[in-house]
Amino acid sequence: LFIDDDVPADMVAEESGPGAQNSPYQLRRKTLLPKRTACPTKSSMEGASTSATENFGHRAKRARVSGKSQDLSGNNLVPERGNQKCINFLFCLTLLLRKRLYMEVFEYTRPMMHPEPGKFYQINPEEYEHPNPWKESFQQLYKGAHVKPGFAEHFYSNPARYKGRENMLYYDTIEDALGGVQEAHFDGLIFVHSGIYTDEWIYIESPITMIGAAPGKVADKVIIENTRDSTFVFMEGSEDAYVGYMTIRFNPDDKSAQHHNAHHCLEITGLDKCKVIHTVCFFGSAVCVSGQGACPTIKHCNISDCENVGLYITDHAQGIYEDNEISNNALAGIWVKNHGNPIIRRNHIHHGRDVGVFTFDHGMGYFESCNIHRNRIAGFEVKAYANPTVVRCEIHHGQTGGIYVHEKGRGQFIENKIYANNFAGVWITSNSDPTIRGNAIFNGNQGGVYIFGDGRGLIEGNDIYGNALAGIQIRTNSCPIVRHNKIHDGQHGGIYVHEKGQGVIEENEVYSNTLAGVWVTTGSTPVLRRNRIHSGKQVGVYFYDNGHGVLEDNDIYNHMYSGVQIRTGSNPKIRRNKIWGGQNGGILVYNSGLGFIEDNEIFDNAMAGVWIKTDSNPTLRRNKIHDGRDGGICIFNGGRGSLLEENDIFRNAQAGVLISTNSHPVLRKNRIFDGFAAGIEITNHATATLEGNQIFNNRFGGLFLASGVNVTMKDNKIMNNQDAIEKAVSRGQCLYKISSYTSYPMHDFYRCHTCNTTDRNAICVNCIKKCHQGHDVEFIRHDRFFCDCGAGTLSNPCTLAGEPTHDTDTLYDSAPPIESNTLQHN
């Protein structure tokens, strides 16, 4: 059969000579290379180079034979140009014979392309641009040494049968192949064929290329293992070496022996630019790269089931590690220590029996686009001055946490997805100082970021949401910088600062959390600046149990409870905030709470702008408290000694300031004006000191004192109030006409025994005169109320108020605030 596809002569078996009858290929070519005369043995390879190796590494000249003019058999077998069917038949037959020859030599069931040094990849023939990929691959691979146990003797005993393979060497062992190519000073290929190679001493000290050769999934068929020493050792001189497409195992008989801790599947020490590609490494400690200048490339490897660390990079070693599968190792999937500084990209690190990646003792490294999950401890651990950079990785489903930085660890964690970990997504502790920037930290079974034990760190620009506990926790003297984060939709709270936690928390958006947006407690002193804290299902910012710190220039709005709560000895500085839209008021201070509340704007809250109660003693200065849907400031239940100074309190639906139930504040130099009810009302045995206040243009009137109230007054100006109550009384109107059941005008109220009114019912003076004329009535006191007669809740209809309503209750004070039940969830 004549072939015209320009095939090199050294790729084709000779038909003539001994053994021709057994050749499966009837390819008529004559070799241009000298015949091999002897079979080299191991002893013959130990000296200088022999005839078996002297031409190895040099491409043979190819005979170019034209299919259009040459007929080696004497007959013209070339069809006419128009006979396309014959041409197609010959091409397909040629392709089939090429494939059969290729598979006999290399065993690959798909062409292995080797376009340049250090690059190998298999292709699908039907998708390759070259019309004959088997030929193309053969041309790239045909010069090489082959380790094929049991074949070498047969090969060298039948030189005529295998003419055309003079540029190939065959050996029974890898050691022999290494010795042969290295002694010949040959920078070439070694193909290791299907089989299990045990306890060979593979020390690579030249830039050889060793690649598995087998059908199907190559690495599953070529297995190299050692039971006593490191399986592969790359030594000085092996720069640019390449190992690929094989399984490498260190598999000691006694896996518990301590001396095996120094042995590995691959040991790479102090050399530059070797490559390990498409290799499976497992048992023992898999890959160890160490030493100044060590910089291998390890790609597409499976590093699994090791009794020690999977990939161990130390002592200033570097390297590129890409697209590897690292799993089910007894210790860390990857260790980086002692100034190791690798580049690790797109690795899959999972199901480890310890941590996924462990950097420590000044370890560094650049980790990008890795998938790290389902490791027994943290996905990524950093300690002891380690400083890795971790970018765009997924760290998830860790059985403890996601990222754990401790004992003065550092690191940059940027644009990662950290989610569904059993504990915190990120833990920072013991004087560590990492940068956590631009990550999505979500759906953790506990918190998002947890900083404790003198931890620090920059927590910036992260999206933290859907975690079972607080989005960020800061405790035990920790002092991070937390800024530009979104902390939202947590099943617990937003930011929790406790046990003397500190930190600068600024320009975050904290919203839609189930509990408080921010908690500050137990001696903590954070600084919260320019945050937006809103739309929470409880309190915006909650100070309790001696929580302190600074809350300034924040927007706090639209919470189901108060915007800010202060209780139990807490003493924060709250200044220049905007606090609005709270369904339970703006600021609530109770249970011995303190605080300096200065220069804030508090408005549009559903209840009082500021509540002060139960032995609390805050100082309010220069605040604007306005447009509330209830009162401005409400002080009751023993709010003692509170100082209200130089505040503007205006346009509130209820009293500008209501003082009740044994409270004793000091009001000095405040302006209380344009209210839709009274300016100041004092009731229920409260007292007050009023000095230098201006009270003007309030609808009901300026200052109202209930029966039994005594106040100290000095230099107050009460002027130009509308006095709607007195005008209604003078016109004989029911006071319900001007208040309905939404306001509580202070005036004389009575009870009608004839109409069987209870202690909770009150009747205004005009209804007593008109509607209850001749009844048995009793004066109760001068106080706040709305008229139940006008409201239509008594047996006789009111003749002054018009159509009755169905409200059945009279309140002497505004509705009390709701205290946070956050503590019930701690």
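**A buried histidine, a covered helix and cysteines without disulfides**

H373 is buried, with a relative accessible area of 7%. This value, like those that follow, was computed from a predicted model. H373 belongs to strand β25, which covers residues 371-373. Its surroundings are a good place to begin a tour of the structure. Leaving aside residues up to four places away in sequence, H373 touches H348, I349, H350, H351 and H396. A polar contact also links the side chain of H373 to the side chain of R374, at 3.2 Å.

Helix α2 offers another view of the interior. This helix takes in residues 133-141 and is mostly covered, with nine of its nine residues buried. The list begins with P133, W134 and K135, continues through E136, S137 and F138, and is completed by Q139, Q140 and L141.

The cysteines come next. Zero disulfides are present in the structure. C767 accordingly takes part in no disulfide, and the nearest cysteine sulfur, belonging to C734, is 3.6 Å away. C767 counts as buried because its relative accessibility is 0%, and buried residues are those under 20%. C734 appears again beside C787: the closest cysteine sulfur to that of C787 is in C734, at 3.7 Å, which is too far for a bond. The reasoning rests on the cut-off, because a disulfide needs a pair of cysteine sulfur atoms within 2.5 Å. C787 is likewise buried, with a relative accessible area of 0%.

Definitions and conventions:
Residues are numbered from 1 along each chain as its sequence is written. This is a predicted model: local features need pLDDT of at least 70, side-chain atom pairs count only at pLDDT 80 or more; totals for chains, interfaces and linings use all residues. Side-chain values use heavy atoms; hydrogens and water are left out. Helices (H or I, at least four residues) and strands (E, at least two) are DSSP runs, numbered from the N terminus. Buried means under 20% relative accessible area, exposed over 50%, partly exposed in between (1.4 Å probe, protein chains only). A polar contact is a pair of N or O atoms within 3.5 Å; within protein, one must be able to donate a hydrogen and the other to accept it, and residues adjacent in sequence count only if both atoms are side-chain atoms. Contact means heavy atoms within 4.5 Å.
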